[in-house]
Amino acid sequence: MQCRGVERPIRNVMGIALLGIGAFARLPPVGTGIASVVGTIASALGMIGFSPAWTLLGINTCPTKKG
């Protein structure tokens, strides 16, 4: 499901924040790797506007079309 709304910017900000945490927070290597991978995935999904989790759960956050 592709939709524009609040979720896309939230995912993008979350992804950028996680990438920053992974790069600058002096985490152990495993923590850095996890933060980097999750941040990359969140940013990519935010950019394309797709949520596989919502699709699997059958949730549609797109506003309904009137008419």
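The following paragraphs describe helix H1 of this predicted model, its one salt bridge and its surroundings.

Helix H1 runs over residues 7-24. Its 18 residues should span 26 Å at 1.5 Å a residue, and the end C-alpha atoms lie 25 Å apart, in agreement with that expectation.

The burial pattern of H1 distinguishes two sides. Arg8, Arg11, Gly15 and Gly22 are the buried residues of the helix. Because they cover an arc of only 65° around the axis, they fall on the same side of H1. These buried residues pack against two other helices, H2 (29-48) and H3 (52-57). On the other side of H1, the exposed residues are Ile10, Val13, Ile16 and Phe24.

One of the buried residues, arginine 11, also takes part in a salt bridge. A search of the whole structure finds one such interaction, and it joins the side chains of glutamate 7 and arginine 11, with an N to O distance of 3.0 Å. How are the two partners placed in the helix? Glutamate 7 and arginine 11 are four residues apart in H1, so about one helical turn separates them. Their surroundings are described by their accessibility: glutamate 7 has a relative accessibility of 25% and therefore counts as partly exposed, whereas arginine 11, with a relative accessible area of 14%, is buried. The cut-off for burial is under 20%.

Beyond the end of the helix, the backbone has a further feature. Arginine 26, just after H1, adopts a positive phi of about 55°.

Definitions and conventions. Residues numbered from 1 in each chain as written. Predicted model: local features only at pLDDT ≥ 70, side-chain atom pairs only at ≥ 80, totals over all residues. Heavy atoms only, no water. Salt bridge = Lys/Arg side-chain N within 4 Å of Asp/Glu carboxyl O. Buried < 20%, exposed > 50% of the residue type's maximum accessible area, 1.4 Å probe, protein only. Expected span 1.5 Å × (residues − 1). Arc of directions from axis to C-beta. Contact = heavy atoms within 4.5 Å.
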